[in-house]
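Student: Please give me a close look at a single part of this model, and then place that part in the rest of the chain. Keep the answer connected.

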Amino acid sequence: MSSLIDFIVKDLLGQASILIAFIAMLGLLLQKKSTGKVAEGTFKTLLGFLIMMAGINIIVGALTYLNSIFTHGFGMTGYITDVAAIAGLANRELGSEVAMTLLVIFAVNIIIARITPFKYIFLTGQALLWMATIGAVIGYKAGLTGMPLILTGGIFGGVMAVLMPALAQPVVRKITGSDEVALGHFCTIGYLVQAAVAKVVGKGSRSTEDLELPDNFKFLQDTYLSMAVVMIPMYLIPALAAGPQFIAQYAGGMNYLMYSFMQAIQFVAGVFILYSGVRLLLNELVPAFRGIAMRIVPDARPALDCPVLFPYAPNAVIVGFLATTLGSIIGMIVFPMFGLAMILPGLLTNFFAGGTAGIFGNALGGRRGAMIGGVVHGLFITFLPAILVPMLESYGFVGVTFSDSDVISSGLVMGHAFQGNWLFIALFIVFVTLIAWFVNGKSTKHHEGKVHETL
């Protein structure tokens, strides 16, 4: 029985590509499509997701290298935001509990979507895993075991899996121009912070997608060429600081600057592949998902991983990435002066979360919203893991902390709840409520720019 549960939770539900393909198949079956159409839609959904993940893996590899030379080249030491390292440590002790918590999160998500007006099905498997991990870790260290541990983390995580897409949806609707897709990424509080700043500073600012360039620079209007122009120096400058001896371990005999140049181009290639996968995935998944919406959860929306928004505002992705990185560097320097842990910039988080936050900022505040809001976003996602460090250290996790703002927030709320610190929880809920109310109230001008032309 235990091995069957592990197979279902880890090998099926734990594989995001299989889970999403299965959901697409279920949707097509509920619509009574022909066998051929079911097979085609299921396969193309699986293929689109795997192409998207192939692009993400290329980006992750290129950014992991950049993070390494950046950290070494500029001599930084501190805490890294490495959720995978914490998950690995937690699974040694709590592997079954984490798996069962993940299963409960998904079940609670479906139940809430079925019986409430919040019709969101969270489909980002790895994000649910991180939420299950922190729920199991915090609960276990507070003394819970067995079913109380699993249910506590699972119910809390299931609520978050519905609440976060719901809070983000008004802005997602502005970005995509429709209600067919939601955002399933546990960095939503950070996105709302950037959107709030953008709404304040971005009045009248033009969209990042409406850049008008002189004739000699019009080639930069191509998303991938402009991305390369930005990313090449982003790699070469840290490479010069790190030096040839350090980079030799990666370069395999190639000149260290040429290797760094090629990593920058690899990054751009990864983004190209990612966008191709996103388009194929959406073309198949959204129509198939209507079958589930009609039968199991009426009017349900699939909440997908953040790269699903990237093609809608590719310039904002790069602006958000760079601005978030700048903010995280400032936070790394400033926050230790106030007794907080030094959090090293996590360039993976900065790209995926920062890029998405940049899209949010552009939607509500144009270029200024993407740039200024991005710096604030970088500060925010550096501050949150810094205040989580003492709690994690008391649980035996040294040198690492979580990265995603919603996951960290969940850990802080659950940890303080077990400690009876209800004032912190009340203040945090008020903060999130006010930010969401401000962002989703009467919005400023929608900066669509050339969004739909991109798709």
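Tutor: Helices here are DSSP runs of H or I with at least four residues, strands are runs of E with at least two, and both are numbered from the N terminus. On that basis Ala353 lies in helix α12. The model is a predicted one, and its chain holds 15 helices and five strands.

The part to look at is strand β4, with the residues around it. β4 covers residues 301–304 and has buried residues on both faces: Arg301 and Ala303 lie on one side, Pro302 and Leu304 on the other. Two other strands pair with β4. Strand β2, residues 120–122, runs parallel to β4 and is joined to it over three bridges; in this pairing Ile121 stands opposite Pro302. Strand β3, residues 182–183, is also parallel to β4, with two bridges between them, and here Leu183 is opposite Leu304.

Now the two ends of β4. On the N-terminal side, the loop between α10 (256–295) and β4 contains Asp299. Asp299 has a positive phi, near 65°, although the residue is not glycine. Its relative accessibility is 61%, and because exposed means over 50%, Asp299 counts as exposed. On the other side, Asp305 sits in the loop that leads from β4 to α11 (314–334). This residue has a relative accessibility of 11%; the cut-off for buried is under 20%, so Asp305 counts as buried. Leaving out residues up to four places away in sequence, Asp305 touches Thr124, Gln126, Leu183, Gly184 and His185. Leu183, one of these contacts, is the residue in β3 that stands opposite Leu304.

Back to Ala353 in α12. Ala353 has a relative accessible area of 3%, and is therefore buried. Apart from neighbours within four places in sequence, Ala353 is in contact with Cys187, Tyr191 and His377. Ala353 and Tyr191 are 162 residues apart in sequence, yet their C-alpha atoms are 7.8 Å apart. Across the chain, 84% of the contacts between residues at least 6 apart in sequence join residues at least 24 apart. Of the 455 residues, 54% count as buried.

Helix α12, residues 347–394, also packs against α13, residues 405–418: their axes come within 10 Å and cross at roughly 35°, in a left-handed sense. From α12 the contact takes Phe380, Leu384, Pro385, Ile387, Leu388 and Met391; from α13 it takes Ser405, Ile408, Ser409, Gly411, Leu412, Gly415 and His416. By class, the contact has eight nonpolar residues, five polar and no charged. In an α-helix there are 3.6 residues a turn, so residues three or four places apart point the same way.

A last comparison comes from the N-terminal part of the chain. The loop between α2 (16–30) and α3 holds Lys32, whose phi is positive, near 60°, in a residue other than glycine. Lys32 is exposed, at a relative accessible area of 69%. Helix α3 has 39 residues, 35–73, so at 1.5 Å a residue it should span 57 Å; its end C-alpha atoms are 56 Å apart, in agreement with that. Gly75 follows α3 and has a positive phi, near 60°.

How values were computed:
Residues are numbered from 1 along each chain as its sequence is written. This is a predicted model: local features need pLDDT of at least 70, side-chain atom pairs count only at pLDDT 80 or more; totals for chains, interfaces and linings use all residues. Side-chain values use heavy atoms; hydrogens and water are left out. Buried means under 20% relative accessible area, exposed over 50%, partly exposed in between (1.4 Å probe, protein chains only). Contact means heavy atoms within 4.5 Å. Axes are lines fitted to C-alpha atoms, for helices over the stretch in contact, and angles run from 0 to 180 degrees between N-to-C directions. A crossing is left-handed if the near helix is turned anticlockwise from the far one by less than a right angle, and right-handed if clockwise. Ala, Val, Leu, Ile, Met, Phe, Trp, Tyr, Cys and Pro count as nonpolar, Asp, Glu, Lys and Arg as charged, and the others, Gly among them, as polar. The expected span of a helix is 1.5 Å times one less than its number of residues. Two strands pair if DSSP finds at least two bridges between them.
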